Amino acid sequence: MTNFIKPVIWEGDAIRLLNQQKLPREVEYIFLKTIEDVWNSITELKVRGAPAIGITAAFGLALWAKNSGLNELEILKSELAVKAVYLNSSRPTAVNLSWALQRLLKAAEEEASAAKVIERLETEAILIQQQDEETCKRIGEYGFSLLPDDATVLTHCNTGAIATSKYGTALGAFYIAKEQGSDIHVYATETRPVLQGARLTAWELQQADIAVTLITDNMAAHVLKTKNIDAILVGADRITANGDTANKIGTYGLAILAKAHGIPFYVAAPLSTIDLETATGDDIVIEERHAEEITHIGGKRIAPEDINVFNPAFDVTPHGLISGIVTEKGIVTGDYQTKLKALFEGVTV
């Protein structure tokens, strides 16, 4: 049986959070006790991965309400909306963040007293986490169904159990493969600049006893050409109505390489990552992060002082380069515009 490490644990009066900035050198849990703690943990990447960010933010809003001392219903609802905007500003690209916060605000609207609102927010946040676990397992099962026996797969960044509540999205397929007895082999890119592939994916798959080989990002083309890669499987931070997909910087380049080598390129994500309100990838706000993420490694400067730096955290892969989008309701291919919308109308593909 696979031992999963939970990244986000609700303690009733605090959030116990796996500090992913310390991995793989140290497994450290920190306690978030204020909404500012939650905002900082998301911004500083102590928690990352779109579903885990959404779960943390949901608990953060519930925690704030619990500690607010407000007992006037309308004042509480008004302040909740303000705090949701504040939390949503911590990372603008991952849509799960706003999705989770909006779900809590909607739940609050259904309650008739401040006490009931506070109770409902906690219940709703716990439910989001529980549902994410089931969702990720189904995504993993669908993703595994795309792979041949004993597959060799390349993945980018980290989309595993520590980026969600359990199993992960793209890495969920690898956990299911392990549970099914398949001899899967994963190539993980290091994922510059923050090295989520080297620090997190390589570590996580090692913990699960899944065969993993780490490569630098610029080795990907050579690996695709020489290592009999059966598929590339990645996660997503936002999928627009037409299937364009925002994911960790470097994903777009891998999709182009996959097409050049005739290798299928799959995206795995829950429905909460699909944003039908955003028409195309051109409409996605791409977060730009600190220059130090590029100019420094391990706290040591590797680039000249005062060098100009461009550091987008994500890029957008056009839908035409995506072989299929794996969701908890099935695998979407072809006409993403129509089929993604159908997923929200109760259709299972």
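**Group meeting talk: a walk through one predicted model**

Hi everyone. Let me begin with the record: UniProt, in an unreviewed entry, lists Asp237 as "active site". Please keep in mind that what we are looking at is a predicted model.

So where does Asp237 sit? Look at the loop that runs between β7 (231-234) and β8 (238-240), and you will find aspartate 237 there. Is Asp237 buried or exposed? Its relative accessible area is 10%, and buried here stands for under 20%, so aspartate 237 counts as buried.

Now for the company Asp237 keeps. Setting aside neighbours within four places in sequence, aspartate 237 is in contact with Ala50, Thr93, Ala94, Val95 and Asn96. Its contacts also include Ala246, Asn247, Lys248, Thr273 and Phe314.

Please hold on to Lys248 from that list, as we meet that name again with glutamine 196. Gln196 belongs to helix α7 (residues 196-207). With a relative accessible area of 4%, glutamine 196 is buried. Which residues does Gln196 touch, not counting those up to four places away in sequence? They are Arg48, Cys157, Asn158, Glu190, Thr191, Thr201 and Lys248. In other words, Lys248 is in contact with aspartate 237 and is touched by glutamine 196 too.

Let's move to the nonpolar interior. The largest nonpolar core has 38 residues, and Leu61, Leu80 and Leu121 are the ones that touch the most other members. Three strands supply at least two residues each: β1 (8-10), β2 (15-18) and β3 (29-32). So do the helices α1 (35-43), α2 (50-68), α3 (73-88), α4 (95-109) and α5 (114-145). Which element gives the largest share of this core? That is α2, with 11 residues. Apart from this core lies another one, of 27 residues, with Val234, Ala255, Ile322 and Leu343 among them.

Let me zoom in on two of those leucines. Leucine 61 is in helix α2, and it is buried, with a relative accessible area of 0%. Leaving out neighbours within four places in sequence, Leu61 is in contact with Leu80, Lys83, Ala84, Leu87, Leu101, Leu104 and Leu105. Under that rule, leucine 80 is in contact with Leu61, Trp64, Ala65, Leu105, Ala108, Val117 and Leu121. How far is leucine 61 from alanine 236? Their C-alpha atoms are separated by 24 Å, and the two residues are 175 residues apart along the chain.

Last topic: pockets. The largest pocket holds about 440 Å³ of space. Its lining has 19 residues, and the closest to its centre are Gln21, Pro193, Val194, Arg199 and Gly298. Both α10 (292-295) and β12 (296-297) supply at least two residues of that lining. By type, the lining divides into 6 nonpolar, 6 polar and 7 charged residues.

The second largest pocket holds about 280 Å³. There are 18 residues around it, with Trp99, Arg103, Thr135, Ser272 and Glu328 nearest its centre. Two or more lining residues come from each of α2, α4 and α5, and these three helices also each supply at least two residues of the largest nonpolar core. This second lining divides into 9 nonpolar, 5 polar and 4 charged residues.

That's my tour. If you open the model afterwards, you could start at Asp237, in its loop between β7 and β8, and then look at leucine 61 in helix α2. Thanks for listening!

Definitions and conventions
Residues are numbered from 1 along each chain as its sequence is written. This is a predicted model: local features need pLDDT of at least 70, side-chain atom pairs count only at pLDDT 80 or more; totals for chains, interfaces and linings use all residues. Side-chain values use heavy atoms; hydrogens and water are left out. A nonpolar core is a set of buried Ala, Val, Leu, Ile, Met, Phe, Trp, Tyr and Cys residues joined through side-chain atoms within 4.5 Å. Buried means under 20% relative accessible area, exposed over 50%, partly exposed in between (1.4 Å probe, protein chains only). Helices (H or I, at least four residues) and strands (E, at least two) are DSSP runs, numbered from the N terminus. Contact means heavy atoms within 4.5 Å. UniProt positions are given in the numbering used here, feature names are shortened, and annotations may be inferred rather than shown by experiment. On a 1 Å grid over the protein atoms alone, a cavity is a set of points where a 1.4 Å probe fits but cannot get out, and a pocket is an open set with protein on both sides within 12 Å along at least five of seven lines; lining residues have an atom within 4 Å of a point. Grid points are joined across faces, edges and corners, and a volume is the space filled by probe spheres set on the points. Ala, Val, Leu, Ile, Met, Phe, Trp, Tyr, Cys and Pro count as nonpolar, Asp, Glu, Lys and Arg as charged, and the others, Gly among them, as polar.
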